[in-house]
Amino acid sequence: LQGIFVLGLPYALLHSGYSGLLLIVLAAALCCYTGKILIACLYEENEDGQLIRVRDTYEDIANACCKKLSPNLGGIVVNVTQVVELIMTCILYLVVSGNLLSHSFPYAPVTEKTWSVIAFVTLLPCVFIRTLKIVSKLSQLCSLVHFVIILVVMTYCLTQMHQWSWTKFRLSLEFEDFLVSVGVIIFSYTSQIFLPTLEGNMKNPGEFRCMLNLTHFFACILKTTFALTAFLTWGEKTKEVITDNLPSFLETLVNLCLLSKALLSYPLPFFAATEIMYSCISKGNHSNYKSPPLALAVRGSFLLLTLLMAMFTPHFALLMGLSGSVTGAAMTFLLPSLFHLKLKWKKLSFLEKCADISVFILGFLCSLAGIVCSIKGLLEVFG
């Protein structure tokens, strides 16, 4: 899920200057922290002081926090938020696939929407995905393709080292441009939706915190190096998607790799969203799939919905920004810190409480700024 945002990091540096480098590190630390406190909400201490996993999903955590108001209110809010974000992500992959195919074969008499339909056809087998193991294998291939893309771009950048100059970094910043950079950088790390399922499927859940530390550390190193080398290569000419800066022969190769990555990335949010929807319909019996026709109907309907929205929703990028500012910030910053404070208040130290409150305020400000910028963009388009 993080690959498309990563390709926008050099453009983010163009608008954030030196502060962008600090933001990449800060975002990694914050997202790693909220991932840990979210998983901590799955556990409670027993009489012997041992941690026992008493909740399984994000929904369970939300229900535990809102049980005094309504037993299912928190779960409904979280499920709706998750499904909206996952649907938008799936649609984005279809839109991106159509765009990449259109740019890779510019002389073909095929419209971008038709290319999206062609990409959709290759995703039809997703309706038969029933386990996370299949998704994990596809995600491994996706990661491999991602590293190929990064390697190609960085190799080309290193051949241009003779023209690098630190004077390309901006010292003065425009507030709106800076907000765009903040959004790109922060949401290149988001993965909280998948963490409860991931931790629950680990052979040794006790290694989760170590895994989270290592993955965010190496992601931070990779993203900083990639963004820095690409920006130093093109400076003020850096485009929104850095692959557009490459020479034509490399751009076509990388675009085809990006197409593979987009198609391989689709099954993860697709699987997560259909699991949530099916579990709501079947009232918790989703793991056994006792009703295969119902499961196929849910997956097939979801798949068709993403295609229709990709084809017929005008100005999808702006709507994606608006919904992402609400759902992304909520799932990544607002809800984990809020739930942690609610469930663990008596056991938290003063510094831990301050940390959670600070993350909540930061998430709220990021969300508010993103909403304002997105609405402004929509008003300009429809104005």
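1. Helices and strands are taken here as DSSP runs, numbered from the N terminus, where a helix has at least four residues. In this predicted model, P71 belongs to the loop that joins α4 (58–65) to α5. P71 counts as exposed, because its relative accessibility is 56%. Apart from neighbours within four places in sequence, the contacts of P71 are with N63 and C66.

2. Helix α5 (residues 73–104) contains T81. With a relative accessible area of 14%, T81 is buried. The T81 side chain comes to 2.7 Å from the backbone oxygen of V77. When residues up to four places away in sequence are set aside, T81 touches T327 and M331.

3. The cysteines deserve a separate remark. A disulfide is a covalent bond joining the sulfur atoms of two cysteines. The count for this model is 0 disulfides. For C157, the closest cysteine sulfur is that of C257, 16 Å away, which is too far for a bond. For C210, the closest cysteine sulfur belongs to C32, at 10 Å, and this is likewise too far for a bond. As for their surroundings, C157 is buried, at a relative accessible area of 0%, while C210 is partly exposed, at 45% relative accessibility.

4. Does the length of helix α15 agree or disagree with its residue count? Helix α15 covers residues 350–382, which is 33 residues, and at 1.5 Å a residue the expected span is 48 Å. The C-alpha atoms at its ends lie 48 Å apart, so the two values agree.

5. The buried residues of α15 are spread along the helix: K353, D356, V359, G363, S367, A369, G370, S374, G377 and L378. In an α-helix, residues three or four places apart point the same way, because there are 3.6 residues in each turn. One of the buried residues of α15 is K353, and K353 also lies over the face of W345, 4.0 Å from the ring centre.

6. A further lysine is placed over an aromatic ring: K223 lies over the face of Y189, at 3.7 Å from the ring centre.

7. Which residues do ring pairs link into a cluster? They are Y266, F270 and F302. The structure holds 6 aromatic pairs. Such a pair of rings is described by the distance between the centres and the angle between the planes.

Notes. Residues numbered from 1 in each chain as written. Predicted model: local features only at pLDDT ≥ 70, side-chain atom pairs only at ≥ 80, totals over all residues. Heavy atoms only, no water. Disulfide = S-S within 2.5 Å. Buried < 20%, exposed > 50% of the residue type's maximum accessible area, 1.4 Å probe, protein only. Helix = DSSP H or I, 4+ residues; strand = E, 2+ residues; numbered from the N terminus. Expected span 1.5 Å × (residues − 1). Phe/Tyr/Trp six-rings, centres within 6.5 Å; stacked < 30°, edge-to-face > 60°. Lys NZ or Arg CZ within 6 Å of the ring centre and 35° of its normal. Polar contact = N/O pair within 3.5 Å; in protein donor to acceptor, adjacent residues only side chain to side chain. Contact = heavy atoms within 4.5 Å.
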